[in-house]
Amino acid sequence: MAVDKTPVLKRCRSLDLDPTFLGYDKKSKRTLTRRSRKMSEYGTQLREKQKAKFIYGVLEKPFRNYYEKADRMKGMTGENLMVMLESRLDNVVFRMGFARTRREARQVVDHKHILVNGKCINIPSYLIKAGDVIEVKESNRTMQRFKDIAEVTAGRLTPEWVDVDKENFKGTVSALPKRDQIDVPVDEMQIVELYSK
């Protein structure tokens, strides 16, 4: 399995991205010195794609597959793409507060700690549907790891498209998110323009 091992804060600096969108509360003390040359249209489009891939932890081939699937769906391609990325299981686990970061959410899913509608799912890219119930396995809720996670994510706001019972590590996806409910700083229209060339 391919994994992106780029240091998070370094990548955030290069993409001009706030680490809080990834669940990190650290800030980089270094500043990136840039040449004052204006970025080309292709450069800005590529940067938006790299931002989306980095935030959701998706590599190039699966990302292109998401785009092609979003293009075949009804409605705006860019919005469809963002909704699909947002409804990945690892992202929903992160949004519900069962993990501190999306990378940790991916690991929690990989290690078979998560049940979807009572079934153990260990595929981070599994797409969640409206009405799905996501919970941490009962035997794992008492683990120190989940106690620490509950402490850190207690004050985090959960999006309105999920209903979460944080004490019992259980949540329901009431509806799939709309684009205006996704607080990710990505201009999806630039990604669509890049792929449609």
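This is a short talk on the salt bridges, one buried alanine and the enclosed spaces of a predicted model.

I'll start with charge pairs. Side chains of opposite charge can pair when their charged atoms come close. In this structure there are twelve salt bridges, and I'll go through three.

The side chains of Glu60 and Lys49 form one of them, at 2.9 Å from N to O. Glu60 sits in helix H3, residues 60–72, and Lys49 in helix H2, so this pair ties together parts that are eleven residues apart in sequence. How exposed are the two partners? Glu60 is partly exposed, because its relative accessibility is 31%. Lys49 has a relative accessible area of 9% and therefore counts as buried.

Next, Arg106 and Asp90. Their side chains meet in a salt bridge at 3.7 Å, N to O. This pair links distant parts of the chain, with Arg106 in helix H6, residues 102–110, and Asp90 in helix H5, residues 89–95, 16 residues apart. Arg106 is partly exposed at 24% relative accessible area, whereas Asp90 is buried at 2%.

My third is Glu104 with Arg100, where the closest N and O atoms are 2.7 Å apart. Glu104 is buried, with 10% relative accessible area, and Arg100 is partly exposed, with 26%. As for networks, salt bridges with shared partners join Lys49, Lys53 and Glu60 into one.

Back to helix H2, which spans residues 41–56 and includes Ala52. Why does Ala52 count as buried? Its relative accessibility is 0%, and buried means under 20%. Apart from neighbours within four places in sequence, Ala52 is in contact with Phe63, Val186 and Ile191. Ala52 and Glu104 are 52 residues apart along the chain, and their C-alpha atoms are separated by 18 Å.

Now the spaces. How many cavities of 30 Å³ or more does a search of the whole structure find? The search finds one. The largest cavity holds about 40 Å³ of space. Its lining consists of Met96, Gly97, Phe98, Ala150, Thr153, Lys166 and Phe169. By class, that lining has four nonpolar residues, two polar and one charged.

Turning to pockets, the second largest one contains about 330 Å³ of space. Its lining has 18 residues, and those closest to the pocket's centre are Phe94, Arg95, Arg156, Leu157 and Asp183. The lining of this second largest pocket divides into seven nonpolar, four polar and seven charged residues.

Terms used. Residues numbered from 1 in each chain as written. Predicted model: local features only at pLDDT ≥ 70, side-chain atom pairs only at ≥ 80, totals over all residues. Heavy atoms only, no water. 1 Å grid on protein atoms, 1.4 Å probe; cavity = no way out; pocket = protein on both sides within 12 Å on 5 of 7 lines; lining within 4 Å. Points joined across faces, edges and corners; volume = space filled by probe spheres on them. Nonpolar A, V, L, I, M, F, W, Y, C, P; charged D, E, K, R; others polar. Helix = DSSP H or I, 4+ residues; strand = E, 2+ residues; numbered from the N terminus. Buried < 20%, exposed > 50% of the residue type's maximum accessible area, 1.4 Å probe, protein only. Contact = heavy atoms within 4.5 Å. Salt bridge = Lys/Arg side-chain N within 4 Å of Asp/Glu carboxyl O.
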